[in-house]
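Got your viewer open and a selection tool ready? Let's walk through this one stop at a time.

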Amino acid sequence: MKNFRNSELNMYLNNDLFPGKTIEFSTELEKPTPYYFGYKIEETILNQLENLEFDKLFFLTENSIFKIYGESLFHKIKEKFPNTYLNILQSGEQNKYFKNLEELCEQLIEQNISKKSILIAFGGGGVGNLVGLTAGLIYRGVRFIEIPTTFTGQTDSTLSNKQAVNGKKGKNHFGLYHAPIFIFGDTHYLHTEPKNARRAGIIEGIKNGLISNKNFFEYLYENSPYDNPENAYRTKELALKIIQSKLDILREDPSEKHYGIILEYGHTFGHGIEWLMKGKILHGDAVSFGMRIAAELSKEIGLLSNEEVNLHYEIIENKLGYKDPFPNEITSDILIEAMINDNKKTGKQLRFVLLEKIGKCFNPEGDYLVTVDLNIVKKVLDNYILRNKTI
C-alpha cells in the first residue's frame, strides 16, 4: 500500500494552482482518459475541442447549472463551433431511468447525430451517467466529453468510466463501461455548490483514506472541515488530493474487479439506503451511513476496535457536521432486502467490503469481499438504527 508523504500531499500546491493553470493526468484505467484539472480553465476546453474532428457537438446539461455556469461556456463553444446544439435534461437522479434514456437517444437521432458527433455532459452525476450511457449505446458507441460540476463528480464518479441508470429494484442496475475522450474538472464550478453537496463529496475522500491510506485519513481528519464554498484555494487543494487518493487505488486495479472493489466500502449499505429514499438524500450522505454501519459490522466480527469505529463517527459527524438521524422509514428488514438486490452482489449471500484496521481492508476470501451471516447483519443494523433514528 502506498502512503501519502507530506511532500506528496503538497505536490500541487503553490505554483500549480493559480487561475488558468491546467494540470493534466490520466485516470489510470484500462482505457485511460486524460483529465484536465484546475481553476478557471475553460480556455483549455476550447483548445482541446480545436484538436478534435467532429460534425456536431451536443451540449447536454441541467437547467440550474446551465444558468449559473453552462450558458457562458455553451456560447463560447458555439461561437467557435456553430454546429453546437443545446439539450436541457432533468436534474440529478431523476435523469437515471430508462424512460429518460430512451427519450434522449431518440431526441439525438432526430437531431441527426452521427458517429462523428460528440456529446458534452455538463453537470452532476445524474447528467454524467445519462449522457455517458447514451453515448455508449447510440450506434454502439459515440464519443463524449465529461465536465463534472460537483465536488463528487470531479473527485470520484468521473474517474471510473461507469455509466448506468437505475431499475425498479435498485440503483445502477443497467449500464456499461464507456470512457469519455476527456474529463475537465474546473473547481470554479464548485463555488456555488450547496454545503451539503460538498460534504457528500468529501465523504468519498474520507472513504479512500479509510480503505487504503491511513496517512491520508489522518490528514483529512486533522485538516477538516474543508466544506467552505467560498474558499476556492482550499477547494482546489482538497479536490486534487482526493482525486490522487483514488487514482492510487485505480493504478493497482484499473478494472475495479479485484483490489479496486475496496472503493465500495460502505456502498452496499449506502446504495440500499439511497435507493429506498428515492433521491431524498445525496449519494455521499447515504454512503456516510453505510460506512458507519460497515464499521460497526467490522467490529462485530472482531476486526475493528471501539476506537477505530469511533473515528468514523468523529470525522463524519463532528468534523463534517453530518449528524442527521437515520431515516425513520427504513427498517433493517427493508434495508437487507434492498441490499440483496444491490448491483454489486456476487451471489445469493450478502458480502461486504470491511476494514481490518484503518487504512486496510479485510481480505479472507481473496476478493476483498467478506461473507457475513444475515443474522449478524440484522443484529448490527437493528442496533445502529435504534441508536440513530429520530426519537
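Which residues of β5 sit on one side, which sit on the other, and are they buried or exposed? Select the strand and look at each face in turn: Ile118, Ile120 and Phe122 are on one side, Leu119, Ala121 and Gly123 are on the other, and all of them are buried. In a regular strand, side chains alternate between the two faces of the sheet. Since six of the six residues of β5 are buried, the strand is largely enclosed by the rest of the structure. Before we move on, keep in mind that this is a predicted model.

**The sheet around β5**

Now widen the selection to the strands beside β5. On one flank, β3 is joined to β5 by five bridges, and the two run parallel. To see one of the facing pairs, pick Thr61, which stands opposite Phe122 in β5. On to β6: six bridges link β5 with β6, again in parallel. Click Leu119 and you can find its bridge partner, Phe144, in β6.

Next, show the whole sheet. It is an open sheet of seven strands with mixed pairing, and the order to follow across it is β1-β2-β9-β6-β5-β3-β4. Which strands stand at the edges? They are β1 (22-26) and β4 (84-89); each has a single partner strand, so one side of each has no neighbour in the sheet. Turn the view and you can follow the twist, which averages 20 degrees from one strand to the next.

Zoom in on the β4 edge. Strand β3 (residues 57-62) runs parallel to β4, and six bridges join them. One pair to pick out is Glu62 and its bridge partner in β4, Leu89.

**Helices lying across the strands**

Add helix α2 (residues 42-50) to the display. This helix lies across β1, β2 (34-38), β3, β6 (143-148) and β9 (182-186), and runs at about 165 degrees to β9.

Then add helix α3 (residues 63-80). Here the strands crossed are β3, β4, β5 (118-123) and β6, with the helix at about 165 degrees to β3.

**Two loop residues with positive phi**

Most residues other than glycine have a negative phi. Here are two places to look for something else.

Start with Asn112, in the loop between α4 (98-110) and β5. Its phi is positive, near 65 degrees, and it isn't a glycine. Asn112 counts as exposed, at 53% relative accessibility.

Then go to Arg140, in the loop between α5 (125-137) and β6. Arg140 is another non-glycine with a positive phi, about 60 degrees. Turn on the surface: at 83% relative accessibility, Arg140 counts as exposed.

**A buried glutamate**

Select Glu204 in helix α7 (residues 195-212). Is Glu204 buried or exposed? With a relative accessible area of 1%, Glu204 falls under the 20% cut-off, so it is buried. Draw a distance between the side chains of Glu204 and Lys207: they share a polar contact of 2.7 Å. Apart from residues up to four places away in sequence, Glu204 touches Asp156, His267, His283 and Val287.

**Along helix α11**

Slide over to α11 (residues 283-300). Its 18 residues, at 1.5 Å each, should span 26 Å, and the end C-alpha atoms are 25 Å apart, so the expected and actual spans agree. Most of this helix is covered, with 15 of 18 residues buried. Just past α11 comes Gly302, with a positive phi near 90 degrees.

**Into the nonpolar core**

Nonpolar side chains tend to be buried together in soluble globular proteins. Where can you look for that here? The largest nonpolar core has 72 residues, and those touching the most other members are Tyr265, Phe269, Ile273, Phe326, Met339, Phe352 and Val377. Centre on Ile273: beyond its neighbours within four places in sequence, the contacts are Ile281, Ala286, Phe289, Ile293, Phe326, Ile330 and Leu335. There is also a second, separate core of 22 residues, with Leu52, Leu73, Phe74 and Ile118 among them.

**Last stop: a buried glycine**

Finish at Gly260, in the loop between α9 (232-252) and α10 (267-276). Gly260 is buried, at a relative accessible area of 1%. Compare its position with Leu250: they are 10 residues apart along the chain, and their C-alpha atoms are separated by 6.3 Å. Leaving out neighbours within four places in sequence, Gly260 is in contact with Ile249 and Asp253.

Technical notes:
Residues are numbered from 1 along each chain as its sequence is written. This is a predicted model: local features need pLDDT of at least 70, side-chain atom pairs count only at pLDDT 80 or more; totals for chains, interfaces and linings use all residues. Side-chain values use heavy atoms; hydrogens and water are left out. A nonpolar core is a set of buried Ala, Val, Leu, Ile, Met, Phe, Trp, Tyr and Cys residues joined through side-chain atoms within 4.5 Å. Buried means under 20% relative accessible area, exposed over 50%, partly exposed in between (1.4 Å probe, protein chains only). Contact means heavy atoms within 4.5 Å. Helices (H or I, at least four residues) and strands (E, at least two) are DSSP runs, numbered from the N terminus. A polar contact is a pair of N or O atoms within 3.5 Å; within protein, one must be able to donate a hydrogen and the other to accept it, and residues adjacent in sequence count only if both atoms are side-chain atoms. The expected span of a helix is 1.5 Å times one less than its number of residues. Two strands pair if DSSP finds at least two bridges between them. Axes are lines fitted to C-alpha atoms, for helices over the stretch in contact, and angles run from 0 to 180 degrees between N-to-C directions.
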